[in-house]
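Biologist: Could you walk me through this structure, as I am new to it? I would like to take it a part at a time.

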2 protein chains.
Amino acid sequence: MPNPWTMKMEQFTAFTPEQRARLDELVEGRRQDYAPDEDILVEDGPINECHVILSGLAMRYKLLANGERQIVAFLIPGDLCDAEVFVLEKMDHSVSAITPTTCAVISAATMKTLLREISPMSEALWWGTMTDLAVLRERLVDIGRRDARERVAHLVYEMLVRFRTVGATDDDVMPWPITQDELADATGLTTVHINRTLRQMREEGLIETNRREMKVLDAERLREVSGFNPNYLHLIRTEQRQGKVAERAGDLV
Amino acid sequence: MPNPWTMKMEQFTAFTPEQRARLDELVEGRRQDYAPDEDILVEDGPINECHVILSGLAMRYKLLANGERQIVAFLIPGDLCDAEVFVLEKMDHSVSAITPTTCAVISAATMKTLLREISPMSEALWWGTMTDLAVLRERLVDIGRRDARERVAHLVYEMLVRFRTVGATDDDVMPWPITQDELADATGLTTVHINRTLRQMREEGLIETNRREMKVLDAERLREVSGFNPNYLHLIRTEQRQGKVAERAGDLV
DNA sequence: CGACGGCTTGAGGTAAGTCAATCCACGTGG
DNA sequence: CCACGTGGATTGACTTACCTCAAGCCGTCG
């Protein structure tokens with residue numbers, strides 16, 4: 001069973017068995033566990049090494065002076081927390097665990113060596129970064145120009161697609177440890193309004209939720225409601241690899 | 001007088017005179033002019049070559065099915081429109097000129113050669129990309145968690161800082177060809193509300209505007225109002241180069 | 001079994017939106 | 001050189017999506 005990082009990169013590029021083995025070995029190496037709500041990286045803190053999420057769910061967020069929080073991204077297995085390690089010295093935002101999560105920790109030096117020696121990695125890193133940018137732009141469209149229902153629907157649908165690519169879904173059921181509070185801080189709404197919005201979506205037969213999972217009942221209608229267009233995730237090559245993705249199963253979150 | 005692209009990169013890195021000459025030569029090469037409202041790149045269009053803004057002002061935006069528009073970024077001289085050239089095949093958003101703007105056009109192949117042969121360039125490109133990510137996150141915080149006045153103030157302040165780094169300001173006066181319509185689409189508000197917000201800011205003595213310029217009357221208070229923290233622009237090294245920046249003068253926009 | 005974190009709901013308030021004029025600067029053609 | 005057209009800025013009156021406050025609920029864990 002491939003590790004989620006390699007798996008994510010293979011959405012875009014291909015590795016030789018030797019390269020894959022090397023990555024596996026690395027991921028088997030130094031690890032770090034984080035409890036829910038524990039910070040993985042803190043704003044203004046130094047950036048020394050790379051953290052790759054292996055299991056669990058995390059978020060990037062910023063705090064305002066008045067204590068308000070804006071969640072700017074959710075991180076799922078396979079995601080890299082700190083690509084800025086190569087060029088920046090201090091974090092401009094924080095990353096914290098939502099569920100218990102474990103990261104592979106890779107020193108900046110090792111990372112640089114990898115990039116030099118495994119040529120597809122550099123391309124994969126660029127791809128991941130360009131995708132992060134695109135996701136952020138889409139989130140901006142969401143918050144700037146869509147109403148509450150569309151925003152939530154869009155975020156849910158995006159998470160569904162992303163979870164699928166690491167094989168963490170089962171028949172449109174995905175892990176959903178995200179609280180209504182967090183959902184509110186991610187969509188620029190309030191908890192109360194998120195609650196009412198989710199209720200409406202439940203009543204419409206779009207979704208079903210319980211404390212740990214979200215079931216998408218009518219994916220097609222959810223996609224329509226949200227105005228979701230998958231082009232920004234740049235997963236064109238995924239279809240070609242559908243088999244590879246499907247063979248993956250397990251509890252990553 | 002250095003070209004704005006080199007100048008931007010030198011906020012972060014240093015080039016030898018030979019390297020700088022090579023970049024200058026490149027920028028002197030193939031160029032393309034765009035009229036206001038003309039698209040530089042279109043959503044779903046192919047990505048073939050790199051466009052670097054040399055003068056003018058442009059924007060990245062996405063259109064929704066209902067015709068609404070969200071502007072996700074403004075591009076000023078020195079900015080690269082399409083870093084995705086290395087890894088992606090199709091644009092997931094559009095870029096268009098606001099004022100008449102001219103770009104240096106660099107083929108993907110040349111760009112790759114540059115990255116290989118001018119080692120600081122690769123670092124500078126990463127830095128630019130990481131900064132773009134950070135700016136996008138900050139915009140998300142803006143739209144998600146700040147009210148209209150704070151949003152506008154924040155955007156104005158950010159533009160002031162960015163314009164300063166390419167020497168396009170003069171005593172807190174900066175080019176401002178951005179219409180209230182565009183400002184609305186960038187901040188997730190409506191034109192009407194932008195108008196009232198600007199009026200309030202004028203009445204408070206924060207800014208003065210005319211059709212082509214914005215004058216910041218009280219930069220310090222504007223910064224406070226907006227909750228602006230420059231850390232996300234990662235310009236730490238700028239101060240060291242203040243002299244270099246100051247020596248630049250001219251009409252880039 | 002009690003406490004706590006997260007979910008739910010109601011009532012009332014407000015920032016921002018909508019609609020619809022009007023105004024104003026500027027460029028164009030007669 | 002002036003009337004006119006046009007894109008952008010302004011303003012008023014009214015509406016609404018989302019917020020605030022405040023209470024109650026419910027499941028889980030020590």
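What follows is a chat about confidence, the two chains, the DNA strands and some of the sheet pairing.

Biologist: Before anything else, what kind of model is it, and what is the mean pLDDT of chain A?

Modeller: This is a predicted model, so please read everything below in that light. Chain A has a mean pLDDT of 91, and 92% of its residues reach 70 or more.

Biologist: Where in chain A does pLDDT stay under 50?

Modeller: That happens over residues 238-253 of chain A, a stretch for which the model nevertheless has 27 contacts beyond four places in sequence.

Biologist: OK, on to the pair of chains. What turn lays chain B on chain A?

Modeller: A turn of 180°, with a shift of 0.0 Å along the axis, lays chain B on chain A with an RMSD of 0.0 Å. The two copies are thus related as by a two-fold rotation axis.

Biologist: And how many residues of chain B are in contact with chain A?

Modeller: There are 35 residues of chain B in contact with 35 residues of chain A. On the chain B side, strand S5 (69-75) and helix H4 (119-145) are the elements that give two or more residues, and H4(B) gives the most, with 16 residues. Sorted by class, that side of chain B has 16 nonpolar, eight polar and eleven charged residues.

Biologist: Why do you say the copies meet through the same surface?

Modeller: Because 100% of the interface residues of chain B are also interface residues in chain A, the copies meet through the same surface.

Biologist: Let's switch to the DNA. Which residues are closest to DNA strand C?

Modeller: DNA strand C is surrounded by 16 residues, of which Thr179(A), Gln180(A), Asp147(B), Ala148(B) and His193(B) are the closest. The elements giving two or more residues to this surface are helix H6 (180-187) and H7 of chain A, together with H7 of chain B, and H7(A) gives the most, with six residues.

Biologist: What about DNA strand D, which residues come nearest there?

Modeller: Around DNA strand D there are also 16 residues, and those that come nearest are Asp147(A), Ala148(A), Val192(A), His193(A) and Gln180(B). Here at least two residues each are supplied by helix H7 (191-203) of chain A and by helix H6 (180-187) and helix H7 (191-203) of chain B, with H7(B) providing the largest share, six residues.

Biologist: And by class, what does the surface near DNA strand D have?

Modeller: It has five nonpolar, six polar and five charged residues, while the surface near DNA strand C likewise has five nonpolar, six polar and five charged residues.

Biologist: Now a sheet, please. In what order do the three strands of the open sheet in chain A run?

Modeller: The order is S8-S10-S9 in chain A, with antiparallel pairing. Strand S8 (173-175) and strand S9 (207-209) of chain A are the edge strands, each pairing on one side only, and neighbouring strands of this sheet are turned by 20° against each other on average, direction ignored.

Biologist: How many bridges join S9(A) to strand S10 of chain A?

Modeller: Three bridges join S9(A) to strand S10 (residues 213-216) of chain A, and within that pairing Val216(A) is the bridge partner of Ile207(A).

Biologist: Last topic, S7(B): which residue stands opposite Asp33(B) there?

Modeller: Thr102(B) in S7(B) stands opposite Asp33(B), and Thr102(B) is also the bridge partner of Ser55(B). Strand S1 (residues 31-34) of chain B is joined to strand S7 (residues 101-107) of chain B by four bridges in an antiparallel arrangement, whereas strand S3 (residues 49-55) of chain B pairs with S7(B) over six bridges, in the antiparallel sense.

Key:
Residues numbered from 1 in each chain as written. Chains lettered and ligands numbered in written order. Predicted model: local features only at pLDDT ≥ 70, side-chain atom pairs only at ≥ 80, totals over all residues. Least-squares fit on C-alpha atoms with pLDDT ≥ 70 in both. Contact = placed C-beta atoms within 7 Å. Near = placed C-beta within 6 Å. Nonpolar A, V, L, I, M, F, W, Y, C, P; charged D, E, K, R; others polar. Pairing = 2+ DSSP bridges. Axes fitted to C-alpha atoms, helices over the stretch in contact; angles between N-to-C directions. pLDDT = per-residue confidence, 0-100.
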